[in-house]
Structure formats: C-alpha cells, structure tokens
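Colleague: Could you take me through this one slowly, with the reasoning behind each term?

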Amino acid sequence: MQPTRVAHPRWISTNRGRLTALSLALALTLLGADAARAHTLNGPTFSPAPRATVPMTISVSGVADPTATLRVYVQPGGACPSSDSVKAGSVPAGTTEVIAKQPVGAFSYSETYTPPAEGSYSLCAFIFDTSTTSGTSASSAGFTVGAPPPPPPPPPAGSNPPATPGATGPTAGKRCVVPTLKGRTYFGARLLIRRAGCTVGSVFRPDLRTSRRERARGRVLRVVSQSPRPRSLRAKGARVTLRLAYVTPKRSSSSR
C-alpha cells in the first residue's frame with residue numbers, strides 16, 4: 001500500500017495568511033491608484049475692480065495627481081468652453097489661455113491678463129486626468145471690466161517735454177545733440193553718444209599691424225574726428241561716425 005500524505009495544518013494556515021495579505025495589498029494598491037487620480041480645484045480668482053487696458057492678476061490653486069493637466073481661460077462676453085473641447089484643444093475663437101500647467105500635488109499659480117475692452121468676461125478653469133476620459137473638474141467665475149483709465153492730461157502750453165539723460169535744450173526729448181568726442185577713448189565716446197540720444201555709426205580705426213607698432217611706441221588710441229559736428233542737432237537715434245587714431249598721450253604737469 002502507498003502511504004497517504006496528509007497536509008500539515010501549519011502549512012495550510014501559513015498559505016492562507018499569505019493569500020490574505022496579498023489580497024489586502026492588491027486592494028490597497030487599487031484604492032491608492034483611484035485616490036491618486038483625485039484632484040480638486042479652488043478658484044479661479046481675479047483682481048478686484050478690473051479695468052480695460054490695465055493688467056489684472058488671475059490666480060488658481062488646488063491639488064492634482066501626477067497625470068493632471070490644468071488649463072485656465074478668459075472668454076470675453078460668453079460662456080466657458082466645454083470640457084470636451086478643452087481636452088481636444090479646440091476652444092472658441094476669442095478665448096485667451098492664461099494658465100497652462102502640469103501640476104503635481106498641491107499647486108498655486110498666478111498670471112497677469114490685460115482686458116482689451118470693457119464688458120462682461122468669463123474666467124474658466126479646468127483640471128483633468130490625461131490618462132482617462134473622465135474625471136474633469138471645472139470651475140468658472142464671471143467678472144465685469146470697467147472703462148479704461150483716462151489718458152494723462154496734455155502738458156500746459158509753453159512747457160517743454162521731458163528731456164532724456166545726457167541731452168539738453170527744448171528739443172532734447174526728441175532730438176540727438178551730438179556731443180564733443182575728440183580726444184575721447186572709443187568706450188568713452190560710445191557712452192556719451194548713447195546718453196545724447198544718438199547711436200554709434202561707422203568706426204574707422206588703424207589696422208592690427210599699425211596698432212601693434214603704435215602701442216609699442218607708447219601711443220594711445222583716441223577719437224580724432226567725428227561726423228556730424230559737435231553740438232549739432234539731429235533726429236533721435238542719429239548715427240555718429242568716428243575716426244580713431246593713435247596719439248601721444250599728454251603728460252601731466254606733476255610728471256615734469
């Protein structure tokens with residue numbers, strides 16, 4: 001007769017315990033995956049009393065899973081687009097995307113938006129899971145944009161416009177007053193040109209062989225001529241041509 005093998009009670013209980021632990025771990029994993037896909041949306045909010053042509057701040061916050069996509073839009077004079085059109089990337093004409101992010105965990109974003117005109121606007125926020133076709137959270141808020149601020153009053157008759165740095169005279173705000181540049185270094189001349197409202201034009205300087213020879217003799221590179229002439233008036237941004245040459249540096253009276 002063949003001996004009959006009987007399962008040991010301890011072996012049975014151990015395997016049952018292992019199966020129970022595996023089932024519990026699998027259930028917790030699936031529950032955690034479902035919880036990870038949950039997301040919340042707070043807002044959006046906007047600056048109080050917005051006005052046309054004046055930048056305003058738009059903010060949104062919440063909690064998102066690792067596969068979430070956040071989109072915030074502004075729709076002038078109309079309702080928010082549908083979540084399906086947002087997912088498909090086809091929003092109505094005139095809709096402005098203000099915030100486009102891929103948040104993970106707790107998030108808070110703020111961006112600026114400048115309303116083009118007064119009227120009614122809709123602020124629309126969407127957060128959805130890109131890995132599934134469901135689970136979209138949407139929130140909206142409406143606001144009214146007031147009239148743009150009035151333009152600054154014109155200057156009184158006979159007053160001079162504000163002058164730019166480095167320029168003087170009644171036309172300094174719109175003109176280039178060519179400075180005196182003879183004897184200046186190139187970098188010093190360039191600084192004076194920019195301060196006067198002009199720009200550096202063509203620059204003529206000695207070639208490399210001449211430069212080496214002149215520097216060996218102790219001579220220095222300076223502006224020897226310019227065009228236009230010093231103190232002449234030109235349009236703002238006019239080009240000033242420079243000609244550079246090596247000259248003997250002047251000795252100070254203390255070295256004599």
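Colleague: What makes the contact between the side chains of glutamate 214 and arginine 219 a salt bridge?

Modeller: A salt bridge is a side-chain nitrogen of Lys or Arg within 4 Å of a carboxyl oxygen of Asp or Glu, and the side chains of glutamate 214 and arginine 219 meet at 3.2 Å, N to O, so the pair fits the definition. This is a predicted model, in which local features need pLDDT of at least 70 and side-chain atom pairs count only at pLDDT 80 or more, while totals for chains, interfaces and linings use all residues. Residues are numbered from 1 along each chain as its sequence is written, and side-chain values use heavy atoms, with hydrogens and water left out.

Colleague: With which other residue does glutamate 214 form a salt bridge?

Modeller: Glutamate 214 also forms one with arginine 217, where the closest N and O atoms are 3.5 Å apart, and Glu214, Arg217 and Arg219 are thus linked in a network of salt bridges.

Colleague: Why is glutamate 214 called buried, and why is arginine 217 called exposed?

Modeller: Buried means under 20% relative accessible area, exposed over 50%, and partly exposed in between (1.4 Å probe, protein chains only). Glutamate 214 has 9% relative accessibility, so it counts as buried, whereas arginine 217, at 56%, counts as exposed, and arginine 219, at 25%, counts as partly exposed.

Colleague: What does the salt bridge of arginine 71 and glutamate 97 tie together?

Modeller: The closest N and O atoms of arginine 71 and glutamate 97 are 3.3 Å apart. Arginine 71 lies in strand 3 and glutamate 97 in strand 4 (strands being DSSP runs of E, at least two residues, numbered from the N terminus), so the pair ties together parts that are 26 residues apart in sequence.

Key:
Helix = DSSP H or I, 4+ residues; strand = E, 2+ residues; numbered from the N terminus.
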